[in-house]
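This briefing walks through some charged and polar side chains of one protein chain. Please keep the sequence and the 3D view open while reading, and look up each residue as it is named.

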Amino acid sequence: MRIVSGIQPTGNLHLGNYLGAIRNWVRMQDELAEGGECLFFLADLHAISMLHEPAALHRATLEMVAALVACGIDPDRSVLFNQAQVPAHAELQWLLNGTARMGWLNRMTQFKDKSGKNREGASAALFTYPVLQAADVLLYQTTHVPVGEDQKQHLELARDVAQKFNNDFASEDAPVFTLPEPITPPEAARIMSLRDGSRKMSKSDPSDMARINLTDDADTIVKKIKKAKTDPEPLPSEAAGLAERPEAQNLVAIYGALSGETVDAVLARFGGQGFGAFKPALAELMVEAIAPITARFRGLLEDREALDAILARGAARARERAAPTLEAAYRALGLVRG
């Protein structure tokens, strides 16, 4: 079993990033400790499909490596790398562009969403983004790809590309590509803003009080939880009582995500109590969970040599795993390689 998953490097990482995505990667790594392998990559090539600031991308890539390792990704047990150090990703995308069809790409909803009303002004990279995603997973003979609802369409396209390539250029008993299967990771906690329970926690929120950053110290976390928006009613004794109370629902969900309890279990303990009692308990739990991550994260950010070494080692391992598939694709297409 080989799992491949990527994440775009973004700066100002926060609790929502950790509980919403990164923690699931750590779980997958631990579950595949025997008899499988995880490859996790930073999708920096995908990031340049949109307007970006080069210095910010460079900084965010290093921050993401530090965050992943701080949160529990072990570079010795998983292959952790960034696309830019593995040229096979871009090479295979070009080879697959001959197999992917315009009609398939025109149906991709993400291009429509990201380009908005200015499709003529969008980059060609944004349009062919799904072909690079296909290359990302097909390159490693991936057996399984964790997908959320918004990525199912892209995995289906990757399977279509692989199937057509195999049909057109390979024999049935010796296919070039493995068709990856989707796996649905455990439902990730949806963490909302501490200032507005109807909006996701975001690095772009103008108020720093709206999020818990992975670099926040204990005092800052306690302050932010204390000032988090709530309502005057006490907590209910069961989840149904949180309907129409987005801020209360968010804080209870965060507690449950950090403690590993269901919302009903959290409410069984705190139901009937006000936020004056619940917030200190949440802050204490959060500090306990985040403090080790913060310390490790900050330490890694100050050790550029260690970050470079992690990426270099991961990229070398990824290039080694990618080489046979890339060579097979070149050979199947009849390209002369010397």
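**A buried arginine and its partner**

Arg245 is buried, with a relative accessible area of 12%. The model shown here is predicted, and the values below should be read with that in mind. In this model Arg245 forms a salt bridge with Asp231, and the closest N and O atoms of the two residues are 2.7 Å apart. Both Arg245 and Asp231 lie in the loop between H9 and H10, so the pair ties together parts that are 14 residues apart in sequence.

**Salt bridges**

- The count of salt bridges in the model comes to 15, and the pair of Arg245 and Asp231 described above is joined by a salt bridge.
- Asp231, the partner of Arg245, is partly exposed, because its relative accessible area of 21% falls between the limits of 20% for buried and 50% for exposed.
- Arg321 and Glu37 meet through their side chains in a salt bridge with an N to O distance of 2.9 Å, and this pair links distant parts of the chain, since Arg321 is in helix H13 (residues 304-332) while Glu37 is in strand S2 (residues 37-42), 284 residues apart.
- Within that pair, Arg321 is partly exposed with a relative accessible area of 22%, whereas Glu37 counts as buried at 14% relative accessibility.
- Arg313 and Asp76 also meet in a salt bridge between their side chains, here with an N to O distance of 3.9 Å, and they too link distant parts of the chain, with Arg313 in helix H13 and Asp76 in the loop between helix H3 (54-71) and strand S3 (79-82), 237 residues apart.
- Of these two residues, Arg313 counts as partly exposed at 39% relative accessibility, while Asp76 is exposed with a relative accessible area of 59%.
- Asp208, Arg211, Asp216 and Lys224 are linked with one another in a network of salt bridges.

**Positive charge on the surface**

- Arg195, Lys223, Lys226, Lys227 and Lys229 gather on the surface in a patch of positive charge.
- One of these residues, Lys226, lies in helix H9 (residues 218-227), and Lys226 is exposed, with a relative accessible area of 65%.

**A buried histidine**

- His154 has its place in helix H8 (residues 152-169), and His154 is buried there because its relative accessible area is 5%, whereas the limit for a buried residue is under 20%.
- The side chain of His154 is joined to the side chain of Gln133 by a polar contact of 2.3 Å.

**Backbone angles in loops**

- Gln141 is not a glycine, yet its phi angle is positive, at about 50°.
- Gln141 is found in the loop between helix H7 (124-138) and strand S4 (144-146), where Gln141 counts as partly exposed at 27% relative accessibility.
- Glu244 likewise is not a glycine and has a positive phi, in this case of about 65°.
- Glu244 lies in the loop between H9 and H10, and Glu244 counts as exposed at 78% relative accessibility, whereas Arg245 is buried.

Terms used:
Residues numbered from 1 in each chain as written. Predicted model: local features only at pLDDT ≥ 70, side-chain atom pairs only at ≥ 80, totals over all residues. Heavy atoms only, no water. Patch = residues over 30% accessible without salt bridge, like charges linked within 9 Å, V, L, I, M, F, W, Y side chains within 5 Å. Areas by Shrake-Rupley, 256 points an atom, 1.4 Å probe, with all protein chains shown as cover. Salt bridge = Lys/Arg side-chain N within 4 Å of Asp/Glu carboxyl O. Lys, Arg positive; Asp, Glu negative; His and termini not counted. Charge placed at Lys NZ, Arg CZ, Asp CG, Glu CD. Helix = DSSP H or I, 4+ residues; strand = E, 2+ residues; numbered from the N terminus. Buried < 20%, exposed > 50% of the residue type's maximum accessible area, 1.4 Å probe, protein only. Polar contact = N/O pair within 3.5 Å; in protein donor to acceptor, adjacent residues only side chain to side chain.
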